[in-house]
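Biologist: Please take one part of this assembly and describe it closely, with the cut-offs behind each term.

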Amino acid sequence: MLKFILKRLGLLIPTLLGVVTLVFFMIALAPGDPARIMLGERANAEQLAQLRSELGLDQPLSKQYLLYLGRVIRGDLGKSIVTQQKITDELTDRLLATIELAITSTIFASILGIVLGVAAARKRNSWVDYSTMTGALVGVSMPVFWLALVLIMIFSVGLDLLPTGGRMNVRLYFIPITNFYLIDGIIMWFREGKADYFVSALKHLILPTIALGTIPLAIIARTTRSSMLEVLKQDYVKTARAAGVPERKVVFRYALRNALLPVITVIGIQFGLLLSGAILTETIFAWPGIGKWIYHSISARDFPAVQGGILFISFFFVMINLIVDLLYSVINPRIRLK
Amino acid sequence: MSDNIKEIAPPAEPGFWKESWYQLTRNRAAMAGLIIIAFFALIAIFAPLAAPEDPLEQTISARLTAPFTDGYILGTDDLGRDLLSRIIYGGRISLIIGVVSVGISLTLGGVLGLAAGYFGGWVDRIIMRVIDIMLAFPYILLTIVIVAILGPSLTNAMVAIGISQMPRYARVIRASVLSEREQDYVLAERSLGTGNLELMFRTILPNTLAPTIVQATLGVGEAILSSAGLSFLGLGAQPPTPEWGLMIASSKQFITSAWWVVTLPGLAILLAVLGFNLLGDGLRDILDPRLRD
Amino acid sequence: MKKLFLLVLVLASFTGMAFAGGGSESEAAAPAAAAEAAAPATDDKAGGVLVFGRAGDSVGLDPARETDGESFYATHQIFDTLVEFKTGTTEIVPALATSWDVSDDNLTYTFHLREGVKFHDGTPMNADAVVFSLDRQLSEGHKYHEYGPWKYWLNYMGMSDIVGSIVAKDDLTVVFNLQKPEAPFIANLAMDFAGIVSPTAFMADPEGFSSNPVGTGPFKFVSWTKDSDIVLDRNDDYWEEVQLDRLILKVIPDATARWLALQKGEVDVIDFPAADDLPAMAADPDVELIQQSGMNVGYLALNNEKKPYDDKRVRQAMNYAIDRDEIIAAVYGSAGQVAKNPIPPNIWSYNDSIEAYPYDVNKAKALLAEAGYADGFKTEIWAMPVARPYNPDARKIAEIMQAQLAKINVEVEIISYEWGTYLDKCDFGEHQAAMLGWTGDNGDPDNFLWVLLSAPSAVPPAGNIAFWKNDEFTALIKEAKETADVAKRTQLYMDAQVIFHEEAPWVTIAHSVVTVPVSSTVQNFKISPTGTRVFKSVWLEK
């Protein structure tokens with residue numbers, strides 16, 4: 001086990017190194033002088049020179065790369081051109097908003113996806129199966145930004161039930177405690193004896209969660225179904241059935257726990273994708289997370305920020321995939337033998 | 001794992017394709033997908049005939065006309081342009097984007113996958129390392145960043161989508177090349193002195209077609225989705241191009257007053273992508289026997 | 001089900017990681033706690049949180065460094081100026097200076113400062129602070145001059161050509177020595193860029209000041225969550241009574257989303273309503289529309305330093321080829337009127353005898369042919385990414401222009417950047433043609449014509465982004481600037497507008513009617529003609 005973990009961790013280092021290298025060269029070799037792009041046509045040669053030396057652009061590329069690598073290893077992603085703040089600070093300020101949304105979406109997609117997937121597999125070729133699978137196919141074909149707008153149209157504009165954006169009614173301004181507004185809402189509930197904060201946070205989460213969770217939901221439902229079908233064909237399930245074990249018990253006690261193995265991998269991967277893929281959803285719901293921040297940095301052509309942002313998310317993504325792999329090997333020892 | 005593939009992936013023969021087509025016609029979902037795609041393709045090709053009006057013609061006095069009024073079947077947008085015509089021309093643009101992006105990924109991924117699979121050894125290791133690194137970036141982020149660097153335009157969006165989707169083709173093609181490489185027919189050709197390049201492109205490549213077709217069909221759908229998303233963010237098509245994502249972006253301020261300008265282009269995206277996903281799923285069941293149950 | 005538990009474990013471990021990384025926002029918000037503890041004011045007007053839903057975020061919060069309205073929305077609440085505009089008018093009234101004397105030669109202005117005023121950080125507001133705030137913009141030798149760009153002071157208002165020196169005569173007396181008589185000088189000092197900043201806070205962290213501002217204004221800075229909200233709390237030591245406990249500036253980029261937020265009571269005041277939503281707003285009993293003709297102009301600047309706009313005939317052709325009525329109908333609705341002059345009709349010296357360029361495609365084609373562009377040309381049109389008072393939707397206008405210009409074979413490419421970048425690039429003349437606009441700062445025609453069209457303003461970073469350098473025009477408005485007699489000034493400005501019309505450096509688009517929808521609980525809110533939003537005298541009905 002330890003050997004497997006070490007081997008997997010060993011693979012991590014070249015991957016991360018590759019990620020840093022690719023990010024660096026993508027930005028460095030992009031057409032146009034970054035200093036010039038950032039400053040616009042500030043004909044002021046002095047400012048240009050100053051910025052270029054600030055960014056280390058006057059050094060040879062190989063040296064720039066080593067310098068950048070050194071800084072990244074020390075956890076320094078540089079400063080944003082627009083705000084002049086440290087990029088790591090800007091990112092951590094927004095990270096929790098993104099994670100909160102990714103977690104609620106993953107939970108929503110997992111629970112509903114597994115339930116639907118199991119139902120479809122149990123009643124194969126029934127209307128339950130067909131409608132679930134059709135729904136799942138429509139789900140993966142869905143333009144998320146459009147779904148988000150349609151949800152707003154129905155639930156905010158039409159039915160007037162839910163807010164259109166943001167994380168909490170700004171009127172309920174409070175000092176964030178954990179910066180997960182749901183948890184903060186509960187703490188405030190205890191502290192002030194009123195549920196307003198929690199309710200507001202919850203209401204603000206519903207639509208973005210649905211919008212962001214739809215595609216993972218569809219994928220999880222499909223995976224659960226096919227994995228479940230696979231397992232139900234296995235001998236031990238047949239044996240259990242033949243031995244007169246009640247069908248419910250066969251499905252939930254024996255089949256499901258094995259069928260969930262691949263599903264957990266998929267959930268992990270989807271969680272990683274949600275952290276990065278929330279650009280559209282965050283933009284539409286004015287959700288102050290990393291996706292929206294990256295979008296702003298891109299439109300401002302704030303290249304150090306873009307560079308830092310993708311690096312940060314990719315690291316996160318790689319780490320999550322690693323953790324999913326490791327967890328999977330814990331649950332399913334066979335994989336280690338390969 | 002590769003042992004299994006060798007057994008069940010026979011060299012392509014006319015009979016294989018004929019049999020596949022027969023199976024396809026019996027797969028209702030895949031046929032539905034094919035019909036949707038054919039429908040969009042026809043409309044795209046004959047857009048000038050199908051569209052009642054010029055998609056760029058503004059009639060400010062008729063702005064935001066509701067569907068089925070004053071002869072506008074699907075109504076007009078906020079500059080008084082006929083929505084139906086814009087959606088029709090949008091289909092043309094989306095199909096082009098889908099096909100061109102997939103073409104780019106196929107070319108890049110095909111060359112890399114072939115080289116990696118055929119030569120093996122250090123060539124394979126380097127290529128797969130690069131591919132793994134690319135896969136370490138979340139797909140959407142990679143696409144957005146590439147467009148951001150190249151500058152927002154429809155062409156750059158296609159290039160970005162093409163590059164970001166490339167790794168999966170490289171992987172698929174490499175896997176099938178690996179399984180073909182040691183097949184008897186290849187060994188026979190090689191013993192006859194056929195050169196590397198000719199072997200790769202004339203003999204092995206055609207036999208990797210089946211899994212590639214599946215991947216490409218699904219890829220077109222995803223490319224349409226991605227380009228709509230990019231355009232929605234202002235990173236893809238630019239006004240006044242009747243691109244579906246852009247149409248939604250520029251009418252999102254009318255969600256309270258004119259539902260049709262937001263909903264209809266989105267439905268078009270959904271339907272087109274659904275078509276490719278239906279067909280892709282069906283093809284996978286038929287062409288990729290590993291996934292049959 | 002044990003496996004599901006594992007999933008929860010994964011999620012929980014991330015939660016843990018996230019906790020570890022996310023402390024900084026709470027630190028920034030810490031001062032809020034102090035404000036909450038402050039004693040509530042007594043009468044029934046006092047108290048409440050007002051949320052202002054606006055279209056874009058501020059660029060920075062140092063009033064002297066920024067040039068855009070979204071930044072001034074915030075700085076105006078945090079900082080005071082020596083004199084200010086009486087809320088809702090352009091009349092000059094005392095602020096940090098309680099009185100002032102002007103010498104007979106109009107060259108020496110002496111300001112007597114209000115006693116006992118303190119900055120939010122406790123630093124006393126005195127003559128040194130005033131000198132510091134303005135001298136950092138004026139004197140190239142000043143230790144903090146390099147933290148500029150001080151675009152307003154240097155470029156837009158040309159203050160360095162007006163002011164010779166600023167001297168602290170005693171603790172509460174500041175003397176300005178002018179280089180030449182300048183009629184609008186006092187009004188200039190009421191503008192945001194002349195805000196008085198805390199020298200202690202600025203010197204402690206010059207770079208960070210614009211994200212952590214300290215002034216003497218009615219509200220003090222609490223926190224700024226980028227792209228989301230700026231929170232300001234009442235300054236209990238303010239020299240006038242302030243009613244609101246807290247003022248929150250919330251960014252909601254989409255006009256319809258702002259309107260929905262107002263309907264749901266999430267915000268109390270919103271900026272830039274979409275023209276299409278106005279009828280519904282007017283019909284809503286819980287919403288009041290506060291309107292005033294805007295002291296503004298929206299225009300398309302044709303860069304005179306770039307081809308083909310170096311040719312007057314091409315510029316005129318553009319003016320003939322663009323149908324302003326269509327633009328007004330599609331974008332402004334009832335909230336706009338066609339512009340024919342660079343200054344709005346509610347500013348004195350507006351020359352109404354000028355005939356607007358009619359929409360005339362043939363005339364435009366003829367002019368292009370004459371200029372050698374019979375087959376048309378390709379051009380960029382830049383469009384701002386945000387709604388502004390003078391132009392609620394620049395991208396849409398660009399699309400309309402694109403369709404209209406296609407009729408004279410001019411092929412348009414629409415270009416847009418993020419707001420801050422857009423302004424920078426325009427200031428440095430990267431554009432071929434760019435939309436922008438102006439809201440008057442002080443009610444003086446000079447504030448439009450000098451800032452936006454004089455030759456000295458056409459130097460990067462420019463206010464004159466048409467880069468139009470017309471000596472005759474500049475001479476006229478320069479003379480008007482240095483003349484005290486209003487009748488004579490009026491005539492000079494009228495003549496200048498004739499030259500502007502003939503030379504056509506811009507395609508003037510529209511003057512808007514500024515509409516601010518507010519919730520009916522909001523009391524005493526007045527639109528300021530200068531485009532800023534003043535909240536110090538606003539209160540909420542309980």
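Modeller: In the contact between chains B and C, 15 residues come from chain B and 17 residues from chain C, two residues being in contact if their C-beta atoms, placed from the backbone, lie within 7 Å. The chain B side comprises seven nonpolar, five polar and three charged residues; Ala, Val, Leu, Ile, Met, Phe, Trp, Tyr, Cys and Pro count as nonpolar, Asp, Glu, Lys and Arg as charged, and the others, Gly among them, as polar. The model is predicted, with local features requiring pLDDT of at least 70 and side-chain atom pairs pLDDT 80 or more, while totals for chains, interfaces and linings use all residues. Residues are numbered from 1 along each chain as its sequence is written, and chains are lettered from A and ligands numbered from 1 in the order in which they are written.

Within chain B, helix α11 (residues 209-232) packs on two other helices (DSSP runs of H or I, at least four residues, numbered from the N terminus). Its axis comes within 8 Å of that of α13(B), residues 259-287, crossing at roughly 165 degrees; axes are lines fitted to C-alpha atoms over the stretch in contact, and angles run from 0 to 180 degrees between N-to-C directions. The two are therefore roughly antiparallel (over 145 degrees). The crossing of α11(B) and α13(B) is left-handed, the near helix being turned anticlockwise from the far one by less than a right angle. Their contact residues divide into 16 nonpolar, four polar and one charged.

Helix α8(B), residues 154-181, packs against α11(B) at about 160 degrees, the axes 10 Å apart. Its crossing with α11(B) is right-handed, that is, clockwise.

Methods:
Angles under 35 degrees count as roughly parallel, over 145 as roughly antiparallel, 65 to 115 as roughly perpendicular and the rest as oblique.
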